[in-house]
Amino acid sequence: MNTVQPSAIRDLLALGADPAITSFGGGYPDATLFPRAALEGIFRDLLRDPSGDPLQYAPSDGLPRLRAQIAALMTQDGTPCAAEDVLILQGSQQGLDFAARMFVNPGDVIIVEDPTFLGALIAFAPSQPRYAAIPVDGDGMDIDALEATLAATPQARMLYTVPDFQNPTGVTLSLPRRHRLIDLANRHDLIVIEDTPYRHIRFAGDTLPTLKSLDTQGRVIHLGSFSKILVPALRLGWAVAAPHLLEKMGLLKVAADTQTSTLNMAAASLFLDRHDLAAHIATLRTAYRHKKEVMLDAIRHHFPQEVTVTDPEGGLFTWARFPEGFDATAFMRDHALPEARVAYVPGGTFFATTPRPNHARINFSAPSEDRIRAGIKALGHCLKTHL
Ligand code: PMP
């Protein structure tokens, strides 16, 4: 544990919780879109259930009905699977923890995108990995660079990727690259962790096949989540994987927490029975598409020309690149927070090997439209004053 340290920007981000600060920092969904009335009725009915089952222990792999419902969702999405291929997790974050425990010994190499999801680095840290970080461009992970890295790093065991609307950059792995990634994983005997919490929040372009659906050798562990399509507080995610891998993961599940909350699993299951998840997702897509447009419009108007941002086809984030030499952490501490009253996540923290401080992750899902407009205007003014 001596090697496991808190993120250096934790204290800075805590300042973003001040209501006077407009926070583009978190990865929170828009709370006004939570299906509160539906959940209120569901929880009331579950608590009144005469059997008491929703308050009882449940199988460690998850409620059978919910596993079947998730398998049906996955199958509809082009990744055919059955209930027994699904392990319910306490958020997809738990799958990241389990993956590292299953496949990574101290010093083993994990291949990640450069930049990658900070929460994955936090989950992997106790396993003491080394990293090979692969550059990302507008089409996701650079597969030529991956090929070269694998040739030079034969001991690599596990590859972690967020192929749809990546956190933090918002970019999506293109179809040809998905095929090449699977091909390389087969040639180099890699386990692939496919993390897809944003997959259904697509507001432009066509859905691409999951890596799991392209995997013929059982080497992809697919992680899904209800956090962005229902509510994060349920802490419900899932893994879909080959039986021998899922069985081992199931052992870690028993060790970690026995099972995911019965009440929360039952609530999600009843939501899927009673309500149209696809219609709810359609509402989310429309709302987030609009917020993304409001944010990018404001950025175009107010940011200095030399700052570039990604235009994601889905998800919750855009990724800003500032001129070389710009330190987004220092700028937030010295200017963005005290002068513009705005927070973002300084980008350096998302790089597994060499931090590049001239980046920031900017969230458009959580703040209201008015706060997006006002906050981006203030941040733009602040950037123009100091750049
Ligand atoms: N993976 C990625 C890429 C994420 O961005 C997040 C959360 N924002 C998670 C996993 C964890 O999500 P969950 O709430 O399902 O644990």
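Leaving aside neighbours within four places in sequence, Ala 266 is in contact with Leu 46, Pro 54 and Leu 63. This residue is a handy place to start looking around the model, which is a predicted one. Ala 266 sits in helix α10, spanning residues 262-274. Is Ala 266 buried or exposed? Ala 266 has 23 C-beta neighbours inside 10 Å, and a residue is taken as buried from 20 upwards, so Ala 266 counts as buried. For a sense of distance, Pro 129 is 137 residues from Ala 266 in sequence, and their C-alpha atoms are 36 Å apart in space.

Stepping back, let us look at the chain as a whole. It contains 13 helices and 14 strands. The radius of gyration is 21 Å, close to the 21 Å given by the globule rule for 387 residues, so the chain is as compact as a globular protein of that length. Along the principal axes, the C-alpha atoms fill a box of roughly 65 × 55 × 45 Å. Buried residues account for 46% of the 387 residues. If you take the contacts between residues at least 6 apart in sequence, 75% of them join residues at least 24 apart.

Next come the domains. The chain is divided into domain 1 (10-35 + 279-386) and domain 2 (53-274), and their C-alpha centres lie 26 Å apart. Their contact takes 25 residues from domain 1 and 27 residues from domain 2. On the domain 1 side, α11 (277-302) and β11 (317-321) each supply at least two residues. The largest share of that side, 6 residues, comes from α11. By class, the domain 1 side that touches domain 2 has 12 nonpolar, 8 polar and 5 charged residues.

A UniProt record adds another view: its unreviewed entry carries the annotation "domain: Aminotransferase class I/classII large" for residues 53-379. Over residues 53-379 the chain is 42% helix and 17% strand, with the end C-alpha atoms 51 Å apart.

Finally, the ligand. Which of the 14 residues around the ligand come nearest? They are Gly 91, Ser 92, Gln 93, Ser 225 and Ser 227. The table sets out the classes of residue in the shell around the ligand.

| Class in the ligand shell | Residues |
|---|---|
| Nonpolar | 4 residues |
| Polar | 9 residues |
| Charged | 1 residue |

Note on methods: Residues are numbered from 1 along each chain as its sequence is written. This is a predicted model: local features need pLDDT of at least 70, side-chain atom pairs count only at pLDDT 80 or more; totals for chains, interfaces and linings use all residues. A residue is near a molecule or strand if its C-beta atom, placed from the backbone, lies within 6 Å of it. Ala, Val, Leu, Ile, Met, Phe, Trp, Tyr, Cys and Pro count as nonpolar, Asp, Glu, Lys and Arg as charged, and the others, Gly among them, as polar. Helices (H or I, at least four residues) and strands (E, at least two) are DSSP runs, numbered from the N terminus. A residue is buried if 20 or more other C-beta atoms lie within 10 Å of its own, exposed if 12 or fewer, and partly exposed in between; C-beta atoms are placed from the backbone. Two residues are in contact if their C-beta atoms, placed from the backbone, lie within 7 Å. UniProt positions are given in the numbering used here, feature names are shortened, and annotations may be inferred rather than shown by experiment. Domain bounds come from an automatic or database domain assignment. The radius of gyration is taken over C-alpha atoms; the globule rule is 2.2 Å times the number of residues to the power 0.38.
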